[in-house]
Amino acid sequence: MADFDTPELKEYPVIPHIQEGVMAHSKPFVAKEEFQEQLGFPGELVDNWEQVAIDKMGELTGKYRSLQVFLDSCVKCGACTDKCHYYLGTTDPKNMPVARQDLFRKVYRRYFTFAGKHFPKLVGATDLTKEVLDDWYSYFHQCSQCRRCSVYCPYGIDTAEISMAAREVMDSIGVGQKYCNEIIAKVYKIGNNLGLPEPALADTLEGLEEDVEDDTGVAVKYPLDVKGADILVVTPSADFFAEPHVDGLIGYGKVFHEAGVSWTLSSKASEAANFGMFIGSYENMRRVSMRIREAALELGVKRIIFGECGHAWRVAYSFLNTLAGPFDFLDPKYPVPQHILEFTWNEIQKGTLNIDKSANDDMVLTFHDSCNVARASRMGPEPGGQFKIPRNVIKAVCNNFVDMAPETIHEKTFCCGGGGGLLTDDLMELRVKGAMPRMEALKNVIEDHGVTNMAAICAICKSQFTKVLPYYGMDMDMIVSVHQLVSNAIVLTGQTGEDDEDESADDAA
Ligand code: SF4
Ligand code: SF4
């Protein structure tokens, strides 16, 4: 099926021997001219690209002081070298975080430091050549911007920021990545990553209402563009149709129904994802975010709640107020934004939801912490809430839960292998190899504790695992949404139970 070997899963993590250049060939398709231009970038490589790139580097290091500090402060201690899932899975030394940073740093040194300008060889500084640019394109698209390396760096150097800057420089000279840039263009044109227009979205939601009523006998609503609703839900467009994402959306609707609140989705902001972050573009991240503000204002909602999407929650939690605020038109009682898990956990604590945990007894669950939630955001009022709240909710609706090894969860979690704008089939080898550390940890809890399913709260993680699990001999259906578990366990008020159905069938007979 594939023209590469799937890495072997070991019982204990093993730091691999390096194999230079084994992933140099891995490059995503380049974006077409029309999509580049829609995002405000040149359509193709500009003539004086070296100078434009250097000017952009200067602009970025001047604007983002953290970037300059990261470029100046690495002491080559080596603590990060074996912390990247892409290095562990591919064995290519340029996937060691420090080596990835150095691809950018050596050019920065050459043009922006005294030593690099005058004694380049002494400080490892190099000119920006076509060969260097090729390496950037390859290896800055082998970083999912997961920030795991930064957890282990004594200086807190964040390779994700360097990778974002490198992608922004490449976009500025006309070398953008097809997958991310085409998706952002679709959001501008239609409102979501999938290019799902309003009538198709309305049909899908109507279909969900029918399915839930058939299953439960209760008319749970999945409303779209309802003016005056209290809550605007912004969720990844994968929630509208893909498995297991849509089962999560069904769960959100059931929770809102039982909580007795009015809510709506928006056809204008029918996408939580914000790929502007992956390409490091503040302007595009802002433009994508503004749809949410505009939709909230047009619909007159009082609260904004985000569905299960990892990087969208990072953008929402960390940047939304700066990008699209102030949100002074919303109800000040609720933080902007909220996560669906915060809402659900609150309802569980209040006792609003009637839960039958045994509905999930056919599963033994583990939980995959998504990078952007774990290392770039929070949930709830307490530190570490982003680790506790998802687990609290899972344990409130399931009887069987086991965590994976401590060095692979919470802030040390491994990326699924498809984050950061790399969830594209032209990077399948990278995605499969990059998933190896997570697959290894999963296999261990399957063997030791009989785990049958892994829950996640990120659309990218769910899609990535669905695709890569079979490469490791595991079932693609073992990945589930957290709100799918909630949905299974909620007993809706007035719900027709299986016994009732059996009885009515007997009566009819
Ligand atoms: S941010 Fe993640 S993907 Fe990028 S170098 Fe660090 S560990 Fe690897
Ligand atoms: S851990 Fe930090 S200081 Fe050490 S080599 Fe890596 S980036 Fe440099």
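Student: Which residues lie around ligand 1?

Tutor: Happy to start there, and do keep in mind that this model is predicted. Two helices, H4 (85–90) and H5 (97–112), each supply at least two residues of this shell. By class, the shell has six nonpolar, four polar and two charged residues. Its members are Cys-84, His-85, Tyr-86, Pro-97, Arg-100, Cys-143, Ser-144, Gln-145, Cys-146, Arg-147, Cys-149 and Thr-159.

Student: And ligand 2: which residues are the closest to that one?

Tutor: Let's begin with the whole shell, where 13 residues surround ligand 2. They divide into ten nonpolar, two polar and one charged. The closest are Cys-74, Cys-77, Gly-78, Cys-80 and Cys-153.

Student: What is notable about the phi of Lys-76?

Tutor: First find the residue: Lys-76 sits in the loop between helix H3 (65–73) and H4. Most residues other than glycine have a negative phi. Lys-76 is not a glycine, yet its phi is positive, with a value near 60°.

Student: Now for the helices. Are H13 and H14 roughly parallel or roughly perpendicular?

Tutor: Look for H13 at residues 282–299 and H14 at residues 310–324; their axes are 9 Å apart and the packing angle is about 90°. Angles from 65 to 115 degrees count as roughly perpendicular. The angle of this pair therefore makes H13 and H14 roughly perpendicular.

Student: How many charged residues does the contact of H13 with H14 have?

Tutor: From H13 come Tyr-282, Met-285, Arg-286, Ser-289, Met-290 and Arg-293. H14 brings Val-315, Phe-319, Leu-320, Thr-322, Leu-323 and Ala-324. Sorted by class, eight are nonpolar and two are polar, and the number of charged residues is two.

Student: Which loop holds Pro-326, and what kind of peptide bond leads into this proline?

Tutor: Pro-326 lies in the loop between H14 and strand S4 (338–339). Most peptide bonds are trans. The bond from Gly-325 to Pro-326 has omega near 0°, and its form is cis.

Student: What is the omega of the bond from Val-336 to Pro-337?

Tutor: Pro-337 also has its place in the loop between H14 and S4. The peptide bond from Val-336 to Pro-337 is cis, and its omega is near -15°.

Student: Are H15 and H21 roughly parallel or roughly antiparallel?

Tutor: H15 covers residues 340–350 and H21 covers residues 482–489, and their axes are 11 Å apart. The angle between them is about 30°, and angles under 35 degrees count as roughly parallel. So the relation of H15 to H21 is roughly parallel.

Student: Which residues make that contact, and is the crossing left-handed or right-handed?

Tutor: On H15 the contact is made by Ile-340, Leu-341 and Thr-344, and on H21 by Val-482, His-483 and Val-486. The contact has four nonpolar, two polar and no charged residues. As for its hand, the crossing of H15 and H21 is left-handed.

Student: H17 packs on H21 as well, so how many nonpolar residues are in the contact of H17 with H21?

Tutor: H17 (residues 385–397) packs on H21 at an angle of about 30°, with axes 9 Å apart, which means that H17 is roughly parallel to H21. H17 also passes H21 in a left-handed crossing. The contact is made by Val-393, Ile-394 and Val-397 of H17 with Val-482, Leu-485, Val-486 and Ala-489 of H21. None of these residues is polar or charged, and the nonpolar count is seven.

Student: Last one: over which residues is the pLDDT below 50?

Tutor: The chain averages a pLDDT of 95, and 97% of the residues score at least 70. One stretch falls below 50, and beyond near neighbours in sequence this stretch has two contacts in the model. Where pLDDT is low, the predicted coordinates should not be read in detail. The stretch to treat this way is residues 501–509.

Notes: Residues are numbered from 1 along each chain as its sequence is written. Chains are lettered from A and ligands numbered from 1 in the order in which they are written. This is a predicted model: local features need pLDDT of at least 70, side-chain atom pairs count only at pLDDT 80 or more; totals for chains, interfaces and linings use all residues. Side-chain values use heavy atoms; hydrogens and water are left out. A residue is near a molecule or strand if one of its heavy atoms lies within 4 Å of it. Ala, Val, Leu, Ile, Met, Phe, Trp, Tyr, Cys and Pro count as nonpolar, Asp, Glu, Lys and Arg as charged, and the others, Gly among them, as polar. Axes are lines fitted to C-alpha atoms, for helices over the stretch in contact, and angles run from 0 to 180 degrees between N-to-C directions. Helices (H or I, at least four residues) and strands (E, at least two) are DSSP runs, numbered from the N terminus. Angles under 35 degrees count as roughly parallel, over 145 as roughly antiparallel, 65 to 115 as roughly perpendicular and the rest as oblique. A crossing is left-handed if the near helix is turned anticlockwise from the far one by less than a right angle, and right-handed if clockwise. Contact means heavy atoms within 4.5 Å. pLDDT is the predictor's confidence in each residue, from 0 to 100.
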